[in-house]
Amino acid sequence: MNNSSHSGEPRSVRVVIVDDHTIFRSGLKADLDHRMDVVGEAGTVEEAIAVIAETRPEVVLLDVHLPGGLGGGGREVIAGSAALLGTTSFLALSVSDAAEDVVAVIRAGARGYVTKTISGAGISDAVIRVADGDAVFSPRLAGFVLDAFGTAPADIADDELDRLSARELEVMRLIARGYSYKEVAKELFISIKTVETHVSAVLRKLQLSSRHELTKWAAERRLL
Amino acid sequence: MTTAVERPPLVRSSDRMIAGVCSGLADHLGWPVKYVRLGMVLACFAGGAGLAFYAWLWTMVPTADESARRNARRPASPIAPAVSFPPATESVPRAPDAGPAPPVVGSPAVSGNPSAPDGTGGFGPPFGSPPISSPLLGSSASARTTTGSPAAPAGGWAESGSTALAVSRFNLRRIPYGKEILLGAGLLLVAVILIVRQFGVDVPLGTLIPAAAILGGAAIAWMQLDETRRAGLVDKTKADQAGGWVRLAAGLALVVAGVLVMVSGSGSWEQTWLALLASVAVLGGVALVLLPWGLKFWKDLETERAGRVRETERAEIAAHLHDSVLQTLALIQRRAGSEQDVVRLARAQERELRSWLFTDAAKDAGLLAERIKAVAAEVEDAHGQAVEVVTVGDADMTDRHEALVQAAREAMLNAARHGGGTVSVYMESTAGSTEVFIKDRGPGFDLESVPDDRLGVKESIIGRMKRHGGTATINSSKDGTEVRLALPSINADGSDTRTGDVPSGEVRNGEPRQ
């Protein structure tokens, strides 16, 4: 676990779990370690929006595919809780790592994306990271980012949102190669905090960029 | 007509004065545009024949775009060859036996066209693919008197004009240009009648014209049905098309007008109006009674169709789940004792299901990324160790890329065998080069300590990459091992641009860390 940079004192992160499978919810609850406190659960879009508004958790573990609502699933939950985006972070969770699911939910405002095959320690770390305002990138998500933004570094002339800087590209490449944040930091001789800054910047670009290639890339996969 | 074999199809040209008819015609006939235009203008003074001909071509001849679109669409409907572009020679011998035709389907003005002296050949194949819809009857009126052309060689056709419509309907589907030939025959028939009248023979126009109108109207309406049926009777997109409705309305109007004229011939107009009112009332009543029933029938049909589609989908999914998931679950139950087997089976099943559900249709199979994934799946199956593949970009497979894949496979096998835990594979392909990284979290090993007779690393990975102009570097520490395979593109320029692209960390990363 590489949470050494996080606050040392024990604290409890308030978490809401949104997933339509009860068994998965209880399994996930068991997986989360002592640093987390599950304050609510929901199985549909409407329930989720209500529970989130009521409990105001720090982190919502959000399944991408959810029944109810207008059929938008996790994206709709984020949109419905938009007022809380400043205080509540969303970590998307799915069995699917299809591009349309991943990118759609990230662009809706999720701070990260992990697949459900992630280990218990992995998910706990990811929740803490998201609670601290950082982004959680899986290798697959990093791959999507590299695919969408291209692998050439930004020129100074480029719109800042439209390309990744050389350093951000390095970080994304290493994450795509399976490096943990700690390993990335060690590899690039930078601190974990710096890695997290880069990753958050990339996440912001992914969420805000209207870059032509990104829209084209998304349109080809029917994401827009 | 026999010389028409190599002519470009008749389409309205984009080089236009008004609608591109003249230049299109000139292209098609191989004549200078000037003369065609001049001829057209001159013909306008011959009782407006040119005008009518122009209007007719404007309606009937598609623009180049439309024509291309129609041809492109054709293969999708294998049973709609009626208006296609087969080699012109094919239609030549068949032309004579297409005599039977509903009279007055289109404008007789064509036969009066001065720019098509051989009237017989004028309307067959040259008219590429006119739309079937509404051959303008109205435009004929002005030109009728000018039909003094030598276009009446077949006087005997007049009696065949009344041949049952049904026969010609059958011919339509089989004879190329069937519709055009029918149209031409109808026009010829009109010309013959008019000429005969000029010579003083008394033709009972009073009955012929209404009868022709009825036949024509019926033909138009039935063409519509035929087309609809071709597309599968209930294809809504077809039925909704405005053209279909226009055609139906035109046919209906023709038939009603014909019947009216026929009936009114035998009685006074007042009576006719009364009778008309009565029939409309009866028709309205019948419609009122049948409408709910018809609507219900239609709705049932729709429901059943939707149900059938759903059923088919469900059956397909069920079949797939049975073949894959259920079989695997059965297998897992039998192997419940062996954790490794269960993991392996679950993993393989997950992969299979994933590829079935989320296959990226935008990506072509048979490219490098697919090969890497296939190899990774193979390794995963063989060792029960998860192999996560992330790919960015793609490349065509060559012999060199195959070598890269084989080296990557070897590295994955090593990682799965000795690493323990998930193996991460990252493939990145750019214009300049292709790189593959294979990372595991095993205890690592010292490359120097690997004996020379162990072929795995030295031969299958490093040697193979070197032979194909690539490089392989291995970083191993106690935290794990990463193999980096790089294959520059075959052209030297590519590798030059590549160096500009590479972030500096990548280069440093290539060196052993120990």
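This briefing walks through the folds, cores, salt bridges and backbone details of the structure above. The model is a predicted one. Chain A carries 10 helices and 5 strands, and 56% of its 224 residues are buried. A good place to begin is A:Asp63, the position for which UniProt has an annotation in an unreviewed entry.

**Chain A overall**

- The accessible surface of chain A is about 9100 Å², and carbon and sulfur atoms account for 55% of that.
- Looking at contacts in chain A between residues at least 6 apart in sequence, you will find that 65% join residues at least 24 apart.

**The annotated aspartate**

- The unreviewed UniProt entry lists A:Asp63 under "modified residue: 4-aspartylphosphate".
- A:Asp63 belongs to strand S3 of chain A, which covers residues 59-63.
- With a relative accessible area of 4%, A:Asp63 falls under the 20% limit and is therefore buried.
- Setting aside residues up to four places away in sequence, A:Asp63 touches A:Val18, A:Asp19, A:Asp20, A:Gly74, A:Leu93, A:Ser94 and A:Lys116.

**Nonpolar cores**

- In soluble globular proteins, nonpolar side chains tend to be buried together.
- The largest nonpolar core has 55 residues, and the members touching the most others are A:Phe137, A:Met172, A:Ile175 and A:Val199.
- Helix H6 of chain A (residues 139-149) gives the most to this core, contributing 7 residues.
- A second core, separate from that one, has 32 residues, among them B:Leu404, B:Leu413, B:Ala472 and B:Leu485.
- Back in the largest core, A:Val199 is one of the residues that touch the most other members. Beyond its neighbours within four places in sequence, A:Val199 contacts A:Ala135, A:Phe137, A:Val171, A:Met172, A:Ile175 and A:Tyr181.

**A salt bridge within chain A**

- Side chains of opposite charge can pair when their charged atoms come close.
- Over all chains, the structure holds 22 salt bridges.
- One of them joins A:Lys193 to A:Asp134, with the closest N and O atoms 3.8 Å apart.
- This pair links distant parts of the chain, 59 residues apart: A:Lys193 sits in helix H9 (residues 192-208), while A:Asp134 is in the loop between helices H5 (120-131) and H6.
- A:Lys193 is partly exposed at 44% relative accessible area, whereas A:Asp134 is buried at 6%.
- Both residues also take part in a salt-bridge network, together with A:Arg129 and A:Glu196.

**Salt bridges between the chains**

- A:Arg173 pairs with B:Glu428, and their closest N and O atoms are 2.5 Å apart.
- That pair crosses from helix H7 of chain A (residues 166-176), which holds A:Arg173, to strand S2 of chain B (residues 423-429), which holds B:Glu428.
- A:Arg173 is buried at 1% relative accessibility, and B:Glu428 is likewise buried at 1%.
- B:Arg441 and A:Glu183 meet in another salt bridge, at 2.9 Å from N to O.
- Here the crossing runs from the loop between strand S3 (433-440) and helix H17 (455-467) of chain B, home of B:Arg441, to helix H8 of chain A (residues 181-188), where A:Glu183 lies.
- B:Arg441 is partly exposed at 39% relative accessibility, while A:Glu183, at 18%, counts as buried because the limit is 20%.

**Helix H15 of chain B**

- Helix H15 of chain B has 16 residues (368-383) and should span 22 Å at 1.5 Å a residue; its end C-alpha atoms are 23 Å apart, so expectation and model agree.
- The buried residues of this helix are B:Leu368, B:Ala369, B:Ile372, B:Val375, B:Ala376, B:Ala377, B:Val379 and B:Glu380.
- B:Gly384 follows the helix and has a positive phi, near 65°.

**Positive phi away from glycine**

- Most residues other than glycine have a negative phi.
- A:Arg56 is not a glycine, yet its phi is positive at about 45°.
- A:Arg56 is found in the loop between helix H2 (45-55) and strand S3 of chain A, and it is exposed, with a relative accessible area of 53%.
- A:Phe189 is not a glycine either, and its phi is positive at about 55°.
- A:Phe189 lies in the loop between H8 and H9 of chain A. Its relative accessible area of 67% is over 50%, so A:Phe189 counts as exposed.

Conventions. Residues are numbered from 1 along each chain as its sequence is written. Chains are lettered from A and ligands numbered from 1 in the order in which they are written. This is a predicted model: local features need pLDDT of at least 70, side-chain atom pairs count only at pLDDT 80 or more; totals for chains, interfaces and linings use all residues. Side-chain values use heavy atoms; hydrogens and water are left out. Helices (H or I, at least four residues) and strands (E, at least two) are DSSP runs, numbered from the N terminus. Buried means under 20% relative accessible area, exposed over 50%, partly exposed in between (1.4 Å probe, protein chains only). Contact means heavy atoms within 4.5 Å. Accessible areas come from the Shrake-Rupley method with a 1.4 Å probe; for residues, only the protein chains shown count as cover. UniProt positions are given in the numbering used here, feature names are shortened, and annotations may be inferred rather than shown by experiment. A nonpolar core is a set of buried Ala, Val, Leu, Ile, Met, Phe, Trp, Tyr and Cys residues joined through side-chain atoms within 4.5 Å. A salt bridge is a side-chain nitrogen of Lys or Arg within 4 Å of a carboxyl oxygen of Asp or Glu. The expected span of a helix is 1.5 Å times one less than its number of residues.
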